[in-house]
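Colleague: Please take a close look at one part of this model, the empty space in it. Start with the pocket, then work outwards to whatever surrounds it.

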Amino acid sequence: MTSLPRDPAACGIQPARLHGDVARLAALGRKLPGSPEEEAACGIITEALRAAGVAHEVHQLDAFIGWPERTEVTAAGRTIRATGVGGGAGTGPAGITAPLAALDGGDLAGRLALTDGLPRYDACLRAMRAGAVGVIAVSSGADRHYVQVSPLWGSPSSDADLALLPTIPAAQVSAEDGAALRALVGSGTPVTLVAEARREWRRARMPVADIPGEEAPFVLLGAHYCTWQDGATDNLAGVALLLELARLFAAGPRPRYGLRFAWWTGHEQGVYAGSSWYAD
């Protein structure tokens, strides 16, 4: 049995090039579908493919995108940093002011629901059904995480799909800040949640590359290049790996089966809008 070489360079892999691809893409910050940053990131990907002689095209598609703009919580005279969600309802600049109640137990009508973990759709749905006016989730640590709260897979195809989106705002705070908020549950202390957010159709770009094989079937490899912030680990490392594989296979012997590389858009803020559009 032959073992694989431990040195990536023995396979032709260039770590410095991989790191450079990640650094250039991460430097663009948030890559929202339909934004100048997405256009710049798409240009970096296609320029690398062009330089490697890899055949490619850029699909353009309409994707329904939801993202947070400004999010914060104010309680007892203190402003708390918070992270908004994708696909959630917005509050407007003034926010919503209401007392806190625990999502699990207690009267939620007209209150902000406090819960542990991520403010995903299931938490929003439970809060909505109980009459809550918003959701504040508490992280398990110091980090606050971006998530989608849409129950859809891909862009909505009807008014009925749009009607499934949450009608209340949601946000996440850190564990330390969450502990301070938890102490206010049941006290009647007013808490203000500002969650300015947008939901709209946007024209997005999705690069796809092909390396033909000797036989008809092909293997599809994908990674999303849209990101909440710089996106180095989610998912620009994957984006760079796909570029490196495309370079290496383009320079090597023709594979038995073809390879298709897709850099998905609308994955994060569009609930897999690009990949589901491509599958359709």
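**The largest pocket and its surroundings**

Modeller: The largest pocket holds about 500 Å³ of space. The model is a predicted one, and the pocket is described on that basis. Its lining has 20 residues, and those closest to the centre of the pocket are Tyr146, Val147, Trp228, Asp234 and Glu268. Helix H6 gives the largest share of this lining, with three residues.

H6 is therefore a reasonable place to go next, since no other element is credited with a larger share of the lining. H6 covers residues 232–251 and carries the chain from strand E10 to strand E11. E10 spans residues 215–224, E11 spans residues 257–264, and the two pair in the parallel sense over eight bridges. One of the bridge pairs sets Glu215 against Tyr257 in E11. The β-α-β crossover made by E10, H6 and E11 is right-handed.

There is one backbone detail to check in this part. The peptide bond between Asp234 and Asn235 is cis, with omega of about 15°. Asn235 belongs to H6, and Asp234 is among the residues closest to the centre of the largest pocket. The cis bond thus involves a residue of the pocket lining.

Now the enclosed space. In general, rolling a probe the size of a water molecule over the atoms shows where empty space is left. Over the whole structure, the search finds two cavities of 30 Å³ or more. The largest cavity has about 80 Å³ of space. It is lined by 15 residues, and Phe64, Gln148, Ser150, Leu165 and Val271 lie nearest its centre. Strand E1, residues 55–75, supplies three of the lining residues, the largest share from any element.

Two backbone positions can be read along with the elements named so far. Ala76 sits in the loop between E1 and strand E2 (78–81). Its phi is near 50°, which is positive in a residue other than glycine. The relative accessibility of Ala76 is 65%, and because the cut-off for exposed is over 50%, Ala76 counts as exposed. Tyr272 is also not a glycine and has a positive phi, of about 65°. Tyr272 lies in the loop between E11 and helix H7 (273–279). With a relative accessibility of 27%, Tyr272 counts as partly exposed.

Further out is an open sheet of five strands, in the order E3-E8-E7-E6-E5, with mixed pairing. Its edge strands are E3 (83–84) and E5 (100–102), each paired on one side only. E5 runs parallel to E6 and is joined to E6 by three bridges. In this pair, Ala101 stands opposite Ala113 in E6.

Helix H3, residues 121–129, has Ala123, Cys124 and Ala127 as its buried residues. Seen down the axis of H3, these fall within an arc of 100°, so they line one face of the helix. Asp122 and Arg129, on the other side of H3, are exposed. The buried residues of H3 pack against three strands, E6 (112–116), E7 (134–138) and E8 (170–173). E6, E7 and E8 also belong to the five-stranded open sheet. Just after H3, Gly131 takes a positive phi of about 90°.

Arg182 is a further point of contact with this part of the chain. Arg182 is in helix H5, residues 175–182. Leaving out residues up to four places away in sequence, Arg182 touches Leu114, Asp116 and Val138. The C-alpha atoms of Arg182 and Val138 are 9.2 Å apart, although their positions lie 44 residues apart along the chain count. Arg182 has a relative accessible area of 38% and is partly exposed, because that value falls between the 20% and 50% limits.

For the overall setting, the protein has seven helices and eleven strands. The C-alpha atoms fill a box of roughly 70 × 45 × 40 Å along the principal axes. Of the 280 residues, 46% are buried. Among contacts with a separation of 6 or more, 76% are between residues 24 or more positions apart.

Technical notes
Residues numbered from 1 in each chain as written. Predicted model: local features only at pLDDT ≥ 70, side-chain atom pairs only at ≥ 80, totals over all residues. Heavy atoms only, no water. Pairing = 2+ DSSP bridges. Helix = DSSP H or I, 4+ residues; strand = E, 2+ residues; numbered from the N terminus. Right-handed = clockwise from strand over helix to strand, strands pointing away. Buried < 20%, exposed > 50% of the residue type's maximum accessible area, 1.4 Å probe, protein only. Arc of directions from axis to C-beta. Contact = heavy atoms within 4.5 Å. 1 Å grid on protein atoms, 1.4 Å probe; cavity = no way out; pocket = protein on both sides within 12 Å on 5 of 7 lines; lining within 4 Å. Points joined across faces, edges and corners; volume = space filled by probe spheres on them.
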